[in-house]
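Student: Could we go through the pockets of this protein together? I would like to understand what lines them.

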Amino acid sequence: MTDHPRIPLAAVIGHPIAHSRSPALHGYWLKRYGIKGHYIPIDIAPVDLPRLLRTLPDLGFVGCNVTIPHKEAILQIADVVTDRAALIGAANTLIFRKDGKIHADNTDGSGFIANLRQQAPDWKPASGPAVVLGAGGAARAVVAALIEVGVPEIRLANRTRARADAIRHDFGAKIHVHEWVQAPNLLDDAVTVINTTALGMTGKAEFNVPMHRLNPGAVCNDLVYTPLKTQFLIEAEERGGIIVDGLGMLLHQAAPGFERWFGIRPEVDEATRKAVLSA
């Protein structure tokens with residue numbers, strides 16, 4: 001009798017999940033590199049997460065991506081949590097190890113930096129302050145990454161002050177918390193400006209932070225990628241900013257997981273962007 005090897009499976013889990021572009025991305029890479037594997041979306045309600053997550057390895061899954069609302073809860077389920085995932089307080093990439101343990105990591109920060117370096121190759125993060133708008137899970141990953149690449153000062157503004165204060169407590173003295181109404185004043189000499197909020201996303205409230213004090217030449221990145229060119233990026237470009245859209249972060253944060261699951265480090269290039277945008 002022929003011994004057929006199992007076809008590796010991976011997934012993205014969330015609730016809801018139908019909107020995710022990850023299946024299109026990983027499906028494109030699987031086809032591009034001729035890998036016999038599959039990547040699918042799985043909608044899991046929070047109450048079912050601990051039980052269903054443990055069944056996935058038995059079904060042939062080698063790992064999965066994690067999105068809203070499970071990125072924080074997954075840390076309480078995983079057997080092994082990387083230092084960066086613990087610091088950020090969330091995980092987005094799981095590896096189902098051969099010893100039966102679930103390994104949780106967070107690649108959002110590395111994806112964020114790789115996107116900036118690809119789309120703004122002259123970016124010098126250590127040359128001046130960064131402004132981060134928002135204080136959710138994505139902001140925590142961004143702050144951790146900015147500190148790692150040597151940003152000297154991070155000016156953080158959020159509509160709910162307590163969440164920003166929590167980031168200051170967890171990440172230290174480089175973080176300077178400001179009231180949301182002060183956000184326009186933080187832009188004066190900023191080298192990097194990041195919108196981590198949902199403002200400007202399709203179906204959400206409009207981005208409403210005045211950009212008239214933006215430092216020309218500042219690298220401005222919106223983590224939102226629907227629409228691809230947000231109001232934040234339009235206004236930043238009008239004022240001389242170097243704009244970076246949010247799609248690249250989605251692509252780059254996915255590459256480490258794909259490599260762990262399927263054995264090939266995928267290339268993030270223009271063909272990849274087009275494949276995801278056309279899905």
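Tutor: Certainly. A pocket here is an open set of grid points with protein on both sides within 12 Å along at least five of seven lines. Please keep in mind that this is a predicted model.

Student: What volume does the second largest pocket have?

Tutor: The second largest pocket has a volume of about 240 Å³.

Student: And which residues lie nearest its centre?

Tutor: Its lining consists of 13 residues, and those nearest the centre are Pro-8, Gly-60, Phe-61, Val-62 and Phe-96. By class, the lining has nine nonpolar residues, one polar and three charged. S3 and H8 each contribute at least two of the lining residues.

Student: Now the largest pocket. What is its volume?

Tutor: The largest pocket has a volume of about 1400 Å³. It is lined by 44 residues, and Thr-67, Ile-68, Lys-71, Ala-138 and Met-201 are the closest to its centre.

Student: Which helices and strands supply at least two residues each there?

Tutor: Strand S3 (61-66), helix H5 (137-148) and helix H8 (247-262) each do so for the largest pocket.

Student: How does that lining divide by class?

Tutor: It has 18 nonpolar, 19 polar and seven charged residues.

Student: A change of topic: how many disulfides does the structure hold?

Tutor: The structure holds zero disulfides.

Student: Is Cys-64 buried or exposed, and why?

Tutor: Cys-64 counts as buried because its relative accessibility is 0%, and the cut-off for buried is under 20%.

Student: What about Cys-220?

Tutor: Cys-220 also has 0% relative accessibility, so it counts as buried.

How values were computed: Residues numbered from 1 in each chain as written. Predicted model: local features only at pLDDT ≥ 70, side-chain atom pairs only at ≥ 80, totals over all residues. Heavy atoms only, no water. 1 Å grid on protein atoms, 1.4 Å probe; cavity = no way out; pocket = protein on both sides within 12 Å on 5 of 7 lines; lining within 4 Å. Points joined across faces, edges and corners; volume = space filled by probe spheres on them. Helix = DSSP H or I, 4+ residues; strand = E, 2+ residues; numbered from the N terminus. Nonpolar A, V, L, I, M, F, W, Y, C, P; charged D, E, K, R; others polar. Disulfide = S-S within 2.5 Å. Buried < 20%, exposed > 50% of the residue type's maximum accessible area, 1.4 Å probe, protein only.
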